[in-house]
Each structure stands twice: as C-alpha cells, then as structure tokens.
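Work through the exercises below with the sequence and the 3D structure open. Each task is followed by a solution in steps.

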Amino acid sequence: MLYRLGHLVAAHPVIVLVLWIAIAVGVTLTVKQVGANTDNNISLPGTGSQAATDLLQAGFPPQQNGSNPIIFHIRGAGKVTDKDNKQAITDSYKAIKKIKFVHSATSPFAQGAGAQISNDKKTAFISVLLNVSSNELTEQQAQRVLDAAKPGTQAGMEVVGGGSIGSTLSPNDTSTSDVIGILAAMVILTFTFGTLVAMGMPIGTAILGLTTALGVIGLMGHLVSVPDISTTIATMIGLAVGIDYALFLVTRHRGQMREGMEFHESIALAVGTAGTAVVFAGCTVVVALLSLFVAGIPLVAALGYTAAVAVGTAVLAAVTLLPALMALAGRHIDSLALPVWLHPKDDPAKEGLWGRWAGFVTRHPLIPLLLAVALMVPLIIPVLSLELGQEDIGQTNPATVQRRAYDLMSQGYGPGFNGPLIIAVAVAPKAKGDPKVVDQENQLNSLQKTLKQEQKEGKQQQAEIKAEQAQLEQQQAQLEHKQALLNQQSASLQAQQAQLEQQQAALEAQAARLQAENNQLNAEQNQLEAEAAALKQDAKALAARLVVNRAAQAKVERKLQNATNPTRIAELQARLKRLKRREQEFIAQLRHDKAEAKKLLHQAEALLAKKEALKQQKQTLTAQSNQLKLQAASLQAQAAALEQQGAALKRQGDHLQAQANDLQQQGDQLKALQKKAKKQQKQADQLHSQLVNTLTKAGGDIRGTDPRLVKLQNALIKTKGDKLVSPPSISKKGNDVVYSVIATTAPSSQATADLVRYLRSTVIPKNSEQGVKAFVGGSTASNVDLAAEISSRLPLVIVTILLLSMLVLLVAFRSVLIPLQAAATNFVTAMAAFGILTACFQWGWGINIVGVSTDASSVPIASYVPLMMFAILFGLSMDYQVFLLSSVDHHRLHGEDDRSSVRLGLKTSARVISAAALIMISVFSSFILNGDPVVKQFGVGLSTAVLLAATMVLMLAPAVLTLLGRWAWWMPAWLGRIVPTVDIEGTSLGGDTEPAPVAPPPPEPA
C-alpha cells in the first residue's frame, strides 16, 4: 500500500505539496481567526481537589476561576497608604470594577481587607475575580485589566498581574528553542548527507508537518481539553521525529539512487520499505502516547493525544510530503554539495567505526553488557528518591509578568499567598447560627435598646440639670458680681477709712508737733522773758554803776582840778582814765544789753507770730479733725449698709447653695445612673466585641458561627503550617462553605504537599461533625492530587506501555525474547533518565547549569513529566529497536547466521540511528533554554533519555541478541499460528531491500 502511495505521490508531487501547504496555511489562518483555545484547569475525577472545584462551581460561581491579584509595589521611599499612592490604587480599583468580564474586585483599603496590604506598607493588591475561566481569558482581556491599573504606574508604583492574568500575559515562547534545534539538525544532516538539498528535505518536511500539527492541536482546544504546555511538548516531539523519520526515508532513497535506480521507483520503494518502518515506528510512539489514557487523568491524556497528533502528522508528512519534495528534487537531490574534504567517507570495503564496534560487540558480548550495567546502575540510583512534585511559577523566567507577581507576593505576604488552599465544605443540614451566639445577639440588642432608652432619659435629665445648673450659675454669677461690687465698695470704704485714719494720725501728729512747737515757743518765751529780765536787771545795775562811775569821775575831775601835785595829778589822771575806760565798758555793755534786748524783743515778736501761726494751724487741724470725724461717721454708715447688703447676699448665696446641693444630689443620682449605664455599656461593648470577633471570624455571616463550622475552622487555624485562615464564605442556600488557607511555605514545597495530606488525613476527619464533608482544593491541592494520581497510576501505565510495545514487537518480529529484551532495555533506559532528572532538579545538582532562576536549592519535578517521558521515550527508543532489529532480521532472512546478522545489522543501522539520535538530542536540548522549568525538565529528561536509549540500542541490545543467538527469534508454534505476519521492511516488494550505506555521522555520535 505504501509502495503504491509512493508511486502516486512521486507522479503528482506539485499537487501533494500544494495540498500540504494549503492545509498548513488553512489550519494556521483558522487558528488565528478563532484562536488556539487552551485549558490549564486540572480535572481529576474522584479526587478531593476536583470535589472542591465542583462545589465552588455549584455554590460560588465564578470562584472556581480563581482570584487574580493586581499587585502594586513601591521600591523606594513611601508607602501604599500615602495619600497619592492610595488614591492611585483606589482609582485603579474603580477602573477595574467597570470592566464587563470582571465579576468582582476587592480594594486593599476596604473594611476587612487588611490582609491585602503588606506589613511594611510597600505592597498592596486588588483581588480580581473574573467571569471567564483561565482557558477562556485572552491576552487582550488580561492586558485590559492590567491597563486599568495605569494610575498606579503613573504614580510611580510597579504594577503587575498574578493568577490567570499573569500567566496569560507570560506566554511560553519556544521560537528560540525551535530555531536552535532546527539549526543543529541542519548541521548534523548537512554533514550526514554531504549536500544542502538533501539536508533541506527532512527540515522542510518536519517544519511543514509541525506547523500543520500545531494548527490542528489549536483547533482541537475548542473540542477537547488542551493544556498550554501540550503545544511545547508537541513541538519538541513533532520536530524531532519529523526530522528523524524523514532522515530514514531520504537515506534509503539516496542509497537506491546511487545504485542507479530510477528516482520515481526509488521514491516508491523507499516509501514501501523504509516508509513502512517509519509508519510502524510512528505507530509505536502513538500507541505509547495513547496508552496514557489508561491513567484516567484528563491532563495526562490530553498531553498524550496532542503529542500523538504531532507524531501522526510527522509520519503522514514523511510518507506523503517528503516523497513529493524528493520527486521535485529528482536527481538534483545531491546538489549544493559540501566541499570534497567535508564529504562523509563511505567506503564499503572498509569496516569503519561502526563496523569495528559491531565486530567487537558480537565477539565480546559480555563486555558491552557489563559496561551497560556499570553505566546504568549509578544513573538509576537517584530514581529511588524520586518525588513527584508540581509546577512552580517561582522558578520560571524572572522577566515574565507571572514570575514578577509571584516574587512580589512572596516578598510582601509570604510564599503561601501564591497558592492558597481551598477548603470546600458541604454541610447538611444547611449551616445556621449558633443558638448561643443568637442569644448573645438578642441579649445585645435588648441591652442596647435599654441603654438607648436610658441614655435618652439620662440626656433629657442631664439637659434639665444643665439648664438649672446654668440658671444657678447665672444667679451665682450675679451674686458673685454683686459680692464683688460689695467687696469692691467695702475695699473702697476700708481704703477711705484707712486714708481717714492715716489723715487723722497725720493730724494728730501735726497737733502733737504744734503742741510741741507751742511748748517750745512758750519755753523760748519764758527764756526770753528771763533773759529780758536779766538784761533789764543788768542794765539797771550798769546804769547805777555808770552813775556811780560818772560821779566818781566827776569827783576825780574836781579833785584833778584842785590838785597840784603832779603825782597826785598823775594818780588822779590814771584813776580818771580807768574810770572813763570803765565807763566805756559800761556803755559798751549797755549797748550790748540794749542790742540783746532788742534782739530778744524781735525774738519775742517772732515767737508771738509763731504762736499765732500755731494757733491758726491748730484751728485748721481742729477743723480738719472735725471733717474727718464726719467722714468717718459717713463711712461707718456706708459700712453698715454694705454689711446689710452682704448679709442679704449671703442669704441668697445660702439659698443658691441649697439649690446647688439639690442639683448636686440630682447630679450624683445621674452619675450613679450613668455609672450603671457605663457598666451596662461596658457589658454591651464586651458582648459586642465578642460578637464582632465571632462574626468577623465567621465572615460577617451569623451562619458562620455554626458549631460544626467553628470546630473545623479552629482546627484549621491551629494546624501547624497554616499562616492564615480566611473567614468562611457561605452560599445563599447555606449548604456550601469555603475557607481559604494560606500556607507558610511555597505552593511547590514538599511541606505544602505534606500539609495538604495532613489536612485530609487528620485535621478534617477529626474535626468534621456529622453532615460535614470537607475537601481540600485549589491549584496546589490539585497538583498534589495529580502527583498522587500519577504515582498510583504510573505502574499501570508502565505495564500497559510495556505490554503494548512488546505486543507490537511480537507481531513485528515474531519473537518472544526480542520484545522482552527491548522492553527491559527501554525500561532500564527510562529509569536511568529519571535518575538523571532527579539528580539535576530534585537534588539540585544541575539547576544552575540548566538556567533555572530560583533561590531554592532544588526544583520539584512536575508530576506528569516522568509519565510523559516514559511514554515518549518508550516510543522513540522502540523506533531505534525497530530500525536495529529490522536490519538484523533482514540479514538473518537473507541467510546470515545469528552472530553475523547482529554484526551486519548493527553496522548498517548504527549510522542512521546515531544521526537520528543526535538530531533528537539537539532538538530536545534546545528546549533547555526555555524559561519554563517544566519545559527544561522535558528538555533535560528527553535529551539524556534519547542519548541513553541510542547508547543502549547500540551497546546492550546487540550484546543481548548475540548472547541469545538463535533463541532470540524463538516463538512457540501455537503462538506463531495466532500472531499475524507483518512485513515492516517491505521484503514482499522483492529485491534487495537492505539499506544502502550512508555517510558516517559526526565523530562520536552516540
């Protein structure tokens, strides 16, 4: 059939090529028009996480779509609570709420949303719930939500989106890996074929086939579930097998052309022989991939059938598109050849590298067998500690939106915020408020009503007391004013009295002084009178003496007149002289006494004047004293009047005091009532606080106080590893309840997975009352369930793939031991690849080498990676087994003995197998450059797996075949009658179908 197909394509190559181009362009344009629908929701029927999702979908739509945080972060100075920043976030919140496909949004500044602001006030997020699921969310819609937060960006804050918004805005671009893989394949093919035209045919076939396959997968997403990563895996496998399958056909065709076969016949024969092996090998890969359906896990099945589409398309392209390209190239297939010195050497007369190796293996089969064991055992050891984990956004490319959101959430709130656990609870009968809480609420309402009435009456009474108090205070103020006036007047009277007393004292002092002066004047007058009397007496005495003196003088003068005696005259003259002198003295004394008398007279007149003045002053003082007495009497009268007024004011004051005492008594009574009310208010506040705490814990819904829910909630809060437990969200009907649990560890952490298992195995069963069924859900729990499901189904999948592969080989080569050998070899290879994967990622030995950006020392291996690897590897390694065994079987059927068949089969197929393996390794390795850690795991796992698979096929398989000898092809007769005969090398077409020698691959291809 394939031979006839080859002839038909070779006869109409343009039509076939145009059809392929039309199909590829058609599906691509259709995908661009309707979109490539992907679905990353993990559906795991029968698991707790799926039950939680179903409950959310039924009771809380659209919460099953998950929350999407729009994160605002300040790098420098400032806080999100600053006025400008707060306003920018609020404006963003309002803009987001207006978007049609936004179901709800919660502002970080809303009441009860304090957990949305980090402790350092540097980060805040708006929680956004969309009406569209993650698989329905388009990049334009996600960007629209993020654009609505532009006020935050304009305010200088960093704004990123998490959840499905972040993942949608972080597409996994594989174009770089595709280009590198294709370039590497082009180099290998160029050196393998020695011509650029021949090299271009597998590349063109693979690219056009892959483009078609990706378009078909994109359209499949509208009918069945297609995860995001499925396109990446399909690209890896489709590109690798597309080039490899084309390599086998081109190799066979070029070999036949060298032998002189007409190129149309050569194309048909190549499709009928090598093409049959390609179809058989491709079917083996497809069978292995579709065997993933037995796992019963929709995600794994989706990855299997999407990858199978890529492989099937590659096979179809190899047997239709490639023959058309070869027909168009005709005999120019070897055009654009490399320089002669770069041409691969192909001398059939010489053994070559692979011929020598084939001879060594068949001569000493135990050595390669032991070498294989020595190589594989150390590589298998790490697989003993393999733990299936989950995808972790925290290890993706740091430049993506989703990774930046993850890092900001981890820094601001803790890693657990990136993957909250959902505790979905089904309650029967429906939740209702705790009777104790209801009684407390009723008691509080009654108490608040009483307090309100008492406060109303108290306020009225207090107002009346205040009015009376104000009136009393007014009267008191008036009294105090009057008292102040009286005091002022009294003080004035006292001042006047004091002044009068002072004046009286002054008058008395003046009177005393005048009296003293009068006494002094009297004393002086007496003295003057005494002196005057003395002077008068002296003057009289002097006058008498003067008279006597003058008489004596006259007598002496008479005597002198009569004396003649000179002596007598002299004596008389001397005596007269003395008498005159004495007269002069008496006259002088009289004059002096006269002057003194005159002086005394003046003094007496002065004294009389003074006495007169003193008399006048005394009269004045007397008058003033009388006046002061009159004033004193007036002041006393005024003082008496003031005293009477003061007594009246005192009586008024006493009356006011009595009223004040009465008011005080009323005030004391009011205070007692207020104290009682305050005590009641305190009791009400305590009761209110208890109710607020209870209702806050219950999410503001009285139904959340249901003892069944409280018991479970308290248990969740006390669970080690739970950082935060949200209040319950209760559906309208009251039968569905949801809690959010934030773990202290990252979603991908083993501690988080242990927490999920502990909640399910211990916390929930021990704290779930009758009628309460709780399930742990959310993306983290889904990944835990996925890992658990895969772990439990992995043996079944492995056994299924082994049995189907063995059955295919049993039919192909009609042997019992060959399928067992192939299955054992491939199983060991798979385990070794798993070991390398474990050491590289789980042990962390190679995470820096492969470029995983993470602060952790290890990276969890995504649960579905080993399962997919096993299916893919088994299919691909079976390809190599088929190509080797078909070559060995070909030589055996042409009469070679068992050992020679193995040697010749290995010699002729090793070059193609090694070149094909190099291409696959290059393609798979190029995906290590991808930023997604899961894609890196596939890249590392598949590239090392292909390397080991090719090595084992070229080392272990021929050694085992050599050791088995004729028994390798043994089949019981009864089984031989049952098993159909299948010609996978096209021997029925006739002629020598042995593959023509091909150019050796680059040095050390294995």
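**Exercise 1. Find which residue of strand 9 stands opposite Ile 422, and place the neighbours of that strand.**

Step 1. Ile 422 faces Ser 740 in strand 9. This is a predicted model, in which local features need pLDDT of at least 70, side-chain atom pairs count only at pLDDT 80 or more, and totals for chains, interfaces and linings use all residues. Residues are numbered from 1 along each chain as its sequence is written, and side-chain values use heavy atoms, with hydrogens and water left out.

Step 2. Strand 6 (residues 421–427) pairs with strand 9 in the antiparallel sense, over six bridges. Two strands pair if DSSP finds at least two bridges between them; strands (E, at least two residues) and helices (H or I, at least four) are DSSP runs numbered from the N terminus.

Step 3. Strand 7 (residues 722–725) also runs antiparallel to strand 9, joined by three bridges. Asp 722 has Ala 743 of strand 9 as its bridge partner.

Step 4. Strand 8 (residues 729–730) is antiparallel to strand 9 over two bridges, with Ile 730 opposite Val 737. These two strands form a hairpin with five residues between them, and Gly 734 in the turn has a positive phi of about 85 degrees.

Step 5. Seven of the eight residues of strand 9 (residues 736–743) are buried (under 20% relative accessible area; exposed is over 50%, partly exposed in between; 1.4 Å probe, protein chains only). Strand 9 is therefore largely enclosed by the rest of the structure.

**Exercise 2. Which parts of the structure does the salt bridge between Arg 404 and Glu 158 tie together?**

Step 1. The side chains of Arg 404 and Glu 158 meet at 2.7 Å, N to O. A salt bridge is a side-chain nitrogen of Lys or Arg within 4 Å of a carboxyl oxygen of Asp or Glu.

Step 2. Arg 404 lies in helix 16 (residues 401–413) and Glu 158 in strand 4 (residues 158–161), so the pair links parts 246 residues apart in sequence.

Step 3. Arg 404 is buried, at 15% relative accessible area.

**Exercise 3. Which helices hold Arg 550 and Glu 583?**

Step 1. A salt bridge joins the side chains of Arg 550 and Glu 583 (3.0 Å, N to O).

Step 2. Arg 550 belongs to helix 17 and Glu 583 to helix 18, so the pair ties together parts 33 residues apart in sequence.

Step 3. Arg 550 is partly exposed at 44% relative accessibility, whereas Glu 583 is buried at 11%.
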